[in-house]
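Colleague: I have just opened this model and would like some help in reading it. Could you take me through the main features?

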Amino acid sequence: GFNNYLQNKFVLGSGTNEPLGLYNIAGIPVYVLGTGKTTVNDITYADLEELWWSLPKQYRIRAVWYMASATAKAVFALKDSTGRPYFDKEKEEIFGRPVREVDDMDSSGATNPVIFLGYPKDYILFTSGQFKTDIVKTGVDLIQTDQVYTQLTGYFDGKLATPNHFIGLKLAAA
């Protein structure tokens, strides 16, 4: 649906007639898994914890995790030493923050991050084709109640997803 489309563009967008996605924003810090950790099944709880604590606190408290379904499946399969899962699959959260599955994110190889963690609320995105007609319920200044208004929004990329708002996790090179 529309939300999946926006999430994909938020991560993968080229910046030409679509937002500049996280894969294309220069300077986002990346935590690289150690030698030999070349698949999403090699991600550990400690790796996720390192990523979590590497994001500044002001962004961490409202952060969102972005990853492909294959990566999410591996992360949600992680268990502690007693065999209990670290994360609740039903809630789809890691450290209490939501996981968003982005269909076309990498889940193999060491070229792009397989996970992003960050604070997307400071990223402003309007997409073309948005058209809204409604009736004003409360008058403000020169606008009176019961007037019909039309709101058109075109493409605008605030480019507010700065490198300090996000951190990525990459697999080790094979």
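Modeller: Gladly; we will go through the sheet, the helices on it, the cores and the aromatic rings. Keep in mind that this is a predicted model.

Colleague: Let us begin with the sheet. In what order do the six strands come?

Modeller: The general idea first: strands of a sheet pair through backbone hydrogen bonds, either parallel or antiparallel. Here the sheet is open and its order is β1-β10-β5-β2-β4-β3, with mixed pairing.

Colleague: Which strands stand at the edges?

Modeller: Those are β1 (30-32) and β3 (93-94); each has a single partner strand, so one side of each is left without a neighbour in the sheet.

Colleague: And how many bridges join β5 to β10?

Modeller: Four bridges join them, and the two strands run antiparallel. One place to look is Gly-118, whose bridge partner in β10 is Phe-166.

Colleague: Next, the helices. Which strands does α2 touch as it packs on the sheet?

Modeller: Helix α2 touches β1, β2, β4 (97-101), β5 and β10, and its direction makes about 160 degrees with that of β10. Helix α4 packs on the sheet as well, touching β2, β3, β4 and β5. The direction of α4 makes about 120 degrees with that of β2.

Colleague: Now the interior. How many residues does the largest nonpolar core have?

Modeller: A nonpolar core is a set of buried residues joined through their side chains. The largest one here has 26 residues, and Ile-43, Leu-48, Trp-65, Met-67, Ile-94, Ile-115 and Leu-117 are those with the most contacts inside it. At least two core residues come from each of α2 (45-54), β2 (64-67), α4 (69-76), β5 (115-118) and β10 (166-170). The largest share, four residues, is supplied by α4. Another core, of 13 residues, lies apart from it and includes Ile-28, Val-64, Phe-116 and Phe-166.

Colleague: What does Trp-65 touch, beyond its neighbours in sequence?

Modeller: Leaving out residues up to four places away, its contacts include Leu-48, Trp-52, Ile-94, Phe-95, Pro-98, Ile-115 and Leu-117. Trp-65 also belongs to an aromatic cluster with Tyr-45, Trp-52, Tyr-86, Phe-87 and Phe-95.

Colleague: How many aromatic pairs does the structure hold?

Modeller: There are twelve. Take Phe-10 and Tyr-66: their ring centres are 5.4 Å apart and their planes are at 45 degrees, so the pair is tilted. Phe-10 lies in helix α1 (residues 2-12) and Tyr-66 in strand β2, so the pair ties together parts that are 56 residues apart in sequence.

Colleague: Are Phe-10 and Tyr-66 buried or exposed?

Modeller: Residues under 20% relative accessible area count as buried. Phe-10 is buried because its relative accessibility is 7%, and Tyr-66 is buried at 6%.

Colleague: Back to α4, then. Is Thr-71 buried or exposed?

Modeller: Thr-71, which is found in helix α4, has 0% relative accessibility and so counts as buried. Beyond four places in sequence, Thr-71 touches Val-40, Ile-43, Asp-106, Ser-107, Val-114 and Ile-115.

Colleague: And what about Ala-70, in helix α4 too?

Modeller: Ala-70 counts as partly exposed, because its relative accessibility is 40%. Apart from neighbours within four places in sequence, Ala-70 is in contact with Val-40 and Ser-107. From Ala-70 to Glu-101 the C-alpha distance is 9.1 Å, with their positions 31 residues apart in sequence numbering.

Note on methods:
Residues are numbered from 1 along each chain as its sequence is written. This is a predicted model: local features need pLDDT of at least 70, side-chain atom pairs count only at pLDDT 80 or more; totals for chains, interfaces and linings use all residues. Side-chain values use heavy atoms; hydrogens and water are left out. A nonpolar core is a set of buried Ala, Val, Leu, Ile, Met, Phe, Trp, Tyr and Cys residues joined through side-chain atoms within 4.5 Å. Buried means under 20% relative accessible area, exposed over 50%, partly exposed in between (1.4 Å probe, protein chains only). Contact means heavy atoms within 4.5 Å. Rings of Phe, Tyr and Trp (its six-membered ring) pair if their centres lie within 6.5 Å; planes under 30 degrees apart count as stacked, over 60 as edge-to-face and the rest as tilted. Two strands pair if DSSP finds at least two bridges between them. Axes are lines fitted to C-alpha atoms, for helices over the stretch in contact, and angles run from 0 to 180 degrees between N-to-C directions.
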